[in-house]
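These are my notes from a session spent looking up selected features of one structure. I record each point in the order in which I examined it.

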Amino acid sequence: MSGAIERPRAEPSADTQPYWDGLARGEILLQRCGECGKFRHYPRPMCDGCFSFAHGWVAASGEATVHSWTVTHHPFHPAFRPLLPYALVTVDLPEGVRVLAPLEGGDPADLRIGMRLRLGVDAATGLPVLRGAA
Amino acid sequence: MPGLRDVAAITGIGETSYRRGEAQGSSLSLTLQASLAAIADAGLYPRDIDGVIPIASGAVVAEDFITNFGIPDLRFSATTPMGGASPVAAIQCAAAAIAAGICRHVLLPIGRTGYSGARISTRVHQMPQFRVVGEFEMPMGGIAPAQLYAPMARRHMEMFGTTSRQLAEIAVTTRNHAILNGNAAMTKPISIEDHQDSRMISDPLRLLDCSLESDGGAAVVISAADAARDMRRPRVLVSGMAEGHPDSPSVITQRPELTRLGIAKAAPRAFAMAGVTHADIDVAEIYDCFTYIVLCQLEDLGFCAKGEGGAFVEGGALGLGGRLPVNTHGGLLSQAHMAGMNHIVELVRQLRGDGGAAQVAGAEIGVVTGYGDMGDGSIAIMRRG
């Protein structure tokens, strides 16, 4: 996609590896407390609601609503230069957490708070992606 | 007396020249140059410093001051790792140490080669505070502060109708002040139209919404208030101070209120400690890594209600003679990016009446803020005394 220049790569920890394993299978996994059921994101070892370390992983439903966004025009990193300008959208999930992901297709000028989008995994990058809701 | 009110005073200020160009020394060299200037301004000798809080992402450590200044007995050292909120947060740290009787003269120094060395805008991810964003957002192209902060500005615009032209007001006024200061990296006047024509960096932030990458050093000395009474320069007392951290401090994406910064929690504490109201503030040096961050802080500080910042800054309100003169030195936007140490230096200069062409007439009480690391805030309220 961007030739020989590599994107910044995540260095998962024991706490976050299951999230990355999920992406590799095409799923966006959200952490859910094993005691009180509270969702949390990004992954971390302990629930901030009840301090339990017990947790499970639940695939996000894919529903997403626009909370805010930015459209980047400046090449802060050479790997992303071919993609300029690209939109990074902050979305609310019905599970109660937010996700940041690039917008694929559609015109960023049409973005509005509250607009419904569809969250998925980009097969090319193995990372979250947002597309117009059908 | 409430909390740390008036236990400490700023007794010395120092700066190198600020530049974007050929290197004028290493970070350590610039730090030491500014430190010597601040210590001399206070009428002290380098060996009189008995506390130090270096502001430097690891480039300079307390031991460097023992080595270079021959300090016989450094009694206090600390760091306040809050990015651009660090220098003002260090004021609270120093005042607490002074109030506890640990030390008498604390040096707060910074020196950076943000232009000639590794560029600031692309090295933040090396800081531990950016670990979470580094793992989850940078692989998708969210690399730089401009991109991470832009969604806060976009949300503010969508919710409250704030416009890019209102952000331009901040950029233009700040540039005017830099020109008056004389020691500034940017010296060419700009107009609202220049701002609107400047290239988009990460929407809605344009080039002229962004602070500088620059070289230089700045430092202040904070002394026990009783010692400060008999020192070389007029005393500037630190009357109120606080730090505040936003919810979801490390990840803006997950923050419940995208348009509320950590300083919203700190400001009421600082005003109460100082025993002053907003109407008492003659001059404000507000951390300005981006124009929007100034606007949001003015709201979070309580100078206007949430959502009214756009209207508040219009019509030159932040200029000399305006409703609230802000960043009378040119700030990070137009003077230099000294992580806000230059804001502290400027507030002291104003309260001494040494503001030169940018002096706010009769300034007696002022506020300085810091902002950093995704939303941490710090505040100090000072008065001539």
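**Entry 1: a helix crossing in chain B**

I began with helix α6 (residues 164–181) of chain B and helix α10 (residues 291–301) of chain B, whose axes come within 9 Å and cross at roughly 100°. I therefore recorded α6(B) as roughly perpendicular to α10(B), since angles of 65 to 115 degrees are counted in that class. I note here that the model is a predicted one.

I then looked up the residues that make this contact. From α6(B) they are B:Leu167, B:Ile170 and B:Ala171, and from α10(B) they are B:Thr291, B:Tyr292, B:Val294 and B:Leu295. Sorted by class, I found six nonpolar residues and one polar residue in the contact, and no charged residues.

**Entry 2: helix α3 of chain B**

I next checked the length of helix α3 (residues 86–99) of chain B. Its 14 residues, at 1.5 Å a residue, should span 20 Å, and the end C-alpha atoms are 20 Å apart, so the two values agree.

Is α3(B) mostly covered or mostly uncovered? I found it mostly covered, with twelve of its 14 residues buried. Among the buried residues of α3(B) are B:Val88, B:Ile91, B:Cys93 and B:Ile98, and the polar names B:Ser86 and B:Gln92 also appear in that list. Just after α3(B), I noted that B:Gly101 takes a positive phi of about 80°.

**Entry 3: where chain A meets chain B**

I turned to the two chains together. In this interface, 29 residues of chain A are in contact with 27 residues of chain B. On the chain A side, β4 (63–72), β5 (86–92) and β6 (98–102) each supply at least two residues. The largest share of that side, five residues, comes from β4(A). By class, I recorded 16 nonpolar, nine polar and four charged residues on the side of chain A that touches chain B.

Which strand of chain B is joined to β4(A)? I found strand β5 (residues 200–203) of chain B, joined to β4(A) by two bridges, with the strands running antiparallel. For A:Thr72, the bridge partner in β5(B) is B:Ser202.

**Entry 4: B:Asp354**

Last, I located B:Asp354, which sits in the loop between α13 (341–352) and β10 (365–372) of chain B. I entered B:Asp354 as partly exposed because it has 13 C-beta neighbours inside 10 Å. I also looked up its separation from B:Met241: the two residues are 113 residues apart along the chain, and their C-alpha atoms are separated by 23 Å.

Conventions. Residues numbered from 1 in each chain as written. Chains lettered and ligands numbered in written order. Predicted model: local features only at pLDDT ≥ 70, side-chain atom pairs only at ≥ 80, totals over all residues. Helix = DSSP H or I, 4+ residues; strand = E, 2+ residues; numbered from the N terminus. Buried ≥ 20, exposed ≤ 12 C-beta atoms within 10 Å, placed from the backbone. Contact = placed C-beta atoms within 7 Å. Pairing = 2+ DSSP bridges. Axes fitted to C-alpha atoms, helices over the stretch in contact; angles between N-to-C directions. Parallel < 35°, antiparallel > 145°, perpendicular 65-115°, else oblique. Expected span 1.5 Å × (residues − 1).
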